[in-house]
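User: I have a protein model to go through with you. Please keep the answers short and reasoned.

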Amino acid sequence: MYSGFFKRVCDFILALILSCVLLPIFFLSVILLMVVNQGKPFFFQKRPGKSGRIFTIAKLKTMNDKKGNDGELMPDADRLTSVGKVVRKLSLDELPQLYNVLKGDMSFVGPRPLLVEYLPLYNEEQARRHDVRPGITGWAQVNGRNALSWEKKFEHDVWYVDRLSFGLDIKILFLTFYKVIKPEGISSANSATMEKFKGSHK
């Protein structure tokens, strides 16, 4: 019962409360990012949700759009702004996703929604991460975040799907708060952001 109706009710109420409480921090972050990103504080992208249904995710834009001499975007590490580093460190870039939670596209806890282009790359077991609503935080995020390999991250996602419960969600939320206070695993070993998933052995 919790994984359906009750979880959705908890998500909506908590998202509504946090949207009001964190509004001043959200506006301050938007203003600062407007300055460093030439008036573009938000990042929008299509992501797959529960059962692979596509929705538009909103995040605060932590990287600028600087391009190299070849006309292509520069590496993530070179585009991550000073304000963006702080915003990402404190996980403030996730604040706009409260709107996604209110709409029902996302939950507070669940596998992170990844790129649409990854959908055909998952093996059968990995694809089970879409059996539940994606989350702002999840079991993988409190167990290594971007420092994990893709395969290990998906193992954590499926582990959560099989054990979803109110108690586990509360545990993940508390661990997430601790991770915000003591950030770790924000970047992968070789990049400022997680390198793209290229598929696993079937």
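User: Where does Lys59 lie, and is the residue buried or exposed? Which residues does Lys59 touch beyond its sequence neighbours?
Analyst: This is a predicted model. Lys59 lies in strand S2, residues 54–60. Its relative accessible area is 17%, so Lys59 is buried. Leaving out residues up to four places away in sequence, Lys59 touches Pro41, Phe42, Phe43, Asp93, Glu94, Pro96, Gln97 and Arg112.

User: How many helices and strands are there, and what pattern do they follow along the sequence?
Analyst: The protein has seven helices and four strands. Read along the sequence, the pattern is α-α-β-β-α-α-α-β-β-α-α.

User: What is the radius of gyration, and what would a compact globule have?
Analyst: The C-alpha trace spans about 50 × 45 × 30 Å along its principal axes. For 202 residues, a compact globule would have a radius of gyration near 17 Å. The protein agrees with that, because its own value is 17 Å.

User: What percentage of the residues count as buried, and what area does the protein expose?
Analyst: Of the 202 residues, 45% count as buried. Carbon and sulfur atoms supply 63% of the exposed surface. The total that the protein exposes is about 11200 Å².

User: Among contacts between residues at least 6 apart in sequence, what percentage join residues at least 24 apart?
Analyst: Two pairs serve as examples of sequence separation against distance in space. Ile13 and Leu102 are 89 residues apart in sequence, with C-alpha atoms 8.4 Å apart. Leu121 and Lys198 are 77 residues apart along the chain, with C-alpha atoms separated by 7.0 Å. For the contacts you ask about, the share is 71%.

User: How many disulfides are there, and why?
Analyst: A disulfide needs two cysteine sulfur atoms within 2.5 Å. The cysteine sulfur closest to that of Cys10 is in Cys20, and at 17 Å it is too far for a bond. The same holds from the other side, as the sulfur closest to that of Cys20 is in Cys10, 17 Å away. The count is therefore zero disulfides.

User: Are Cys10 and Cys20 buried, partly exposed or exposed?
Analyst: Exposed means over 50% relative accessible area, and buried means under 20%. Cys10 has 24%, so Cys10 is partly exposed. Cys20 has 57%, so Cys20 counts as exposed.

User: Which residues of helix H1 are buried, and which elements do they pack against?
Analyst: Helix H1 covers residues 2–21. Its buried residues are Tyr2, Lys7, Arg8, Asp11 and Ala15. Ile13 also lies in H1, but its relative accessible area of 45% makes Ile13 partly exposed. The buried residues of H1 pack against helix H5 (97–103), strand S3 (107–109), H6 and helix H7 (166–181).

User: Where does Trp139 lie, is Trp139 buried or exposed, and what is Trp139 in contact with?
Analyst: Trp139 lies in the loop between strand S4 (135–137) and helix H6 (150–163). Its relative accessibility is 12%, so Trp139 counts as buried. Asp162 is 23 residues from Trp139 in sequence, and their C-alpha atoms are 12 Å apart. Leaving aside neighbours within four places in sequence, Trp139 is in contact with His156, Trp159, Tyr160, Leu168, Lys171, Ile172 and Leu175.

User: What is the phi of Gln38, and where is Gln38 found?
Analyst: Gln38 is not a glycine, yet its phi is positive, at about 50°. Its relative accessible area is 63%, so Gln38 is exposed. Gln38 is found in the loop between helix H2 (23–36) and strand S1 (42–48).

User: Is Ser51 buried or exposed, and what is its phi?
Analyst: Ser51 lies in the loop between S1 and S2. Ser51 is exposed, because its relative accessible area is 65%. Its phi is positive in a residue other than glycine, near 60°.

User: Where is Leu121 found, and what is its relative accessible area?
Analyst: Leu121 is found in the loop between S3 and S4. Leu121 is partly exposed, with a relative accessible area of 26%.

User: How many positive and negative side chains are there, and how far apart do the centres of the two sets lie?
Analyst: The protein has 30 positive side chains and 20 negative ones. The centres of these two sets lie apart by 4 Å.

Key: Residues are numbered from 1 along each chain as its sequence is written. This is a predicted model: local features need pLDDT of at least 70, side-chain atom pairs count only at pLDDT 80 or more; totals for chains, interfaces and linings use all residues. Side-chain values use heavy atoms; hydrogens and water are left out. Buried means under 20% relative accessible area, exposed over 50%, partly exposed in between (1.4 Å probe, protein chains only). Helices (H or I, at least four residues) and strands (E, at least two) are DSSP runs, numbered from the N terminus. The radius of gyration is taken over C-alpha atoms; the globule rule is 2.2 Å times the number of residues to the power 0.38. Contact means heavy atoms within 4.5 Å. Accessible areas come from the Shrake-Rupley method with a 1.4 Å probe; for residues, only the protein chains shown count as cover. Lys and Arg count as positive and Asp and Glu as negative; His and the chain ends are not counted. The place of a charge is taken as NZ of Lys, CZ of Arg, CG of Asp or CD of Glu.
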